[in-house]
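The following note is offered as a colleague's reading of the model, set out in numbered points. It begins with charge, proceeds to the ligand site, and ends with the overall fold.

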Amino acid sequence: MRLDVVTIFGEYLQPLQLSLIGKAQAEGLLDVRVHDLREHTHDRHRTVDAPPYGGGAGLLMKPEPWGEALDAILADPPEGADPRGPVLVVPSPVGEVFSQRAAVELAAEPWLVFACGRYEGIDARVVEHYGTRIRVREVSLGDYVLNGGEVAVLAITEAVARLLPGVIGNAASLTEESHAPEHDGLLEHPAYTKPASWRGLDVPAVLAGGNHGAVDRWRRDQALRRTATRRPDVLARLDPARCDRRDLAVLAELGWTPGEHGFQVEPAAVADWADTNEP
Ligand code: 6GU
């Protein structure tokens, strides 16, 4: 997979040389190219920013350096590129919220281009223009504001690259984790290792009992409970058709009942969640 990243802070992408992503690059599974936006300016000050039309706080990124930088990247496709070109990923707090599903979709692409905005973002015509030429996705990490797209690129790249064949040694790890479709998108159950007792806390006996069916059932119960209490938004999307009678009993105890498309909860359980999650 080829990844092109355009930024004014190339040093920010240094962590991509480390750990599994660094190793994937060394092994040729991943080809990451970082480009300096300022190489596509033509004034003495290498200006990339300007104040917004209509007024307001802060500065925007001018469109011309972006046009030049992205055109140069598009003119140099990797072998095996999709005829539609790359997906242009634009990290932005106004984008779709990034998810495991989006990571899976992006991991199926041979070529991704990331445009890292700084300041108050990039002139809106850049996304508008490239949206007529290639596929563009504006992607947000969540409902908070970062100073620029670089940290988002690190997060998205890590989520995507670990899905590529050969990047993670034990492929089963990919299906036994939170948000995995194999576990209906539920949060993962708690996990324990040695010692069996630590600071007065014992590993749940069922996990050392050698009954694999009982272990699986306990883990499923825990995943359902955790998801219901921590992420009611995720639980609400759980498909009742994927639930057995024991699942339904566990959820009923927490106030959740199956509906037409997902699950519904007693208002009291939602109030509990809002108390602990809203400022
Ligand atoms: Cl992707 N970019 C910026 N600047 N802020 C964000 C974000 C992205 N996701 C959440 N906040």
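1. Charge. This is a predicted model. Its chain carries 42 negative side chains and 28 positive ones. The centres of these two sets lie 4 Å apart.

2. Ligand surroundings. Which residues surround the ligand? One part of the list is Pro91, Ser92 and Pro93. Another runs through Val139, Ser140, Leu141 and Gly142, and the list also holds Tyr144, Val145 and Leu146. Gly148 and Ala152 complete the set.

3. Backbone atoms facing the ligand. Three of the surrounding residues deserve separate mention. For tyrosine 144, a backbone N or O atom is placed 2.4 Å from a nitrogen atom of the ligand. For leucine 141, the corresponding distance from a backbone N or O atom to a ligand nitrogen is 2.8 Å. Leucine 146 has a polar backbone atom 3.0 Å from a nitrogen atom of the ligand.

4. Cover of the ligand. The ligand taken alone exposes 290 Å², and the protein buries 96% of that area.

5. Secondary structure and extent. The chain contains 9 helices and 11 strands. Along the principal axes, its C-alpha atoms fill a box of roughly 70 × 45 × 40 Å.

6. Burial and surface. Of the 279 residues in the chain, 39% are buried. The exposed area of the chain is about 16200 Å², of which carbon and sulfur atoms supply 53%.

7. Contacts along the sequence. How are contacts between residues at least 6 apart in sequence distributed in the chain? Of these, 71% join residues at least 24 apart.

Note on methods: Residues numbered from 1 in each chain as written. Predicted model: local features only at pLDDT ≥ 70, side-chain atom pairs only at ≥ 80, totals over all residues. Heavy atoms only, no water. Helix = DSSP H or I, 4+ residues; strand = E, 2+ residues; numbered from the N terminus. Buried < 20%, exposed > 50% of the residue type's maximum accessible area, 1.4 Å probe, protein only. Contact = heavy atoms within 4.5 Å. Areas by Shrake-Rupley, 256 points an atom, 1.4 Å probe, with all protein chains shown as cover. Lys, Arg positive; Asp, Glu negative; His and termini not counted. Charge placed at Lys NZ, Arg CZ, Asp CG, Glu CD. Near = heavy atom within 4 Å. Polar contact = N/O pair within 3.5 Å; in protein donor to acceptor, adjacent residues only side chain to side chain.
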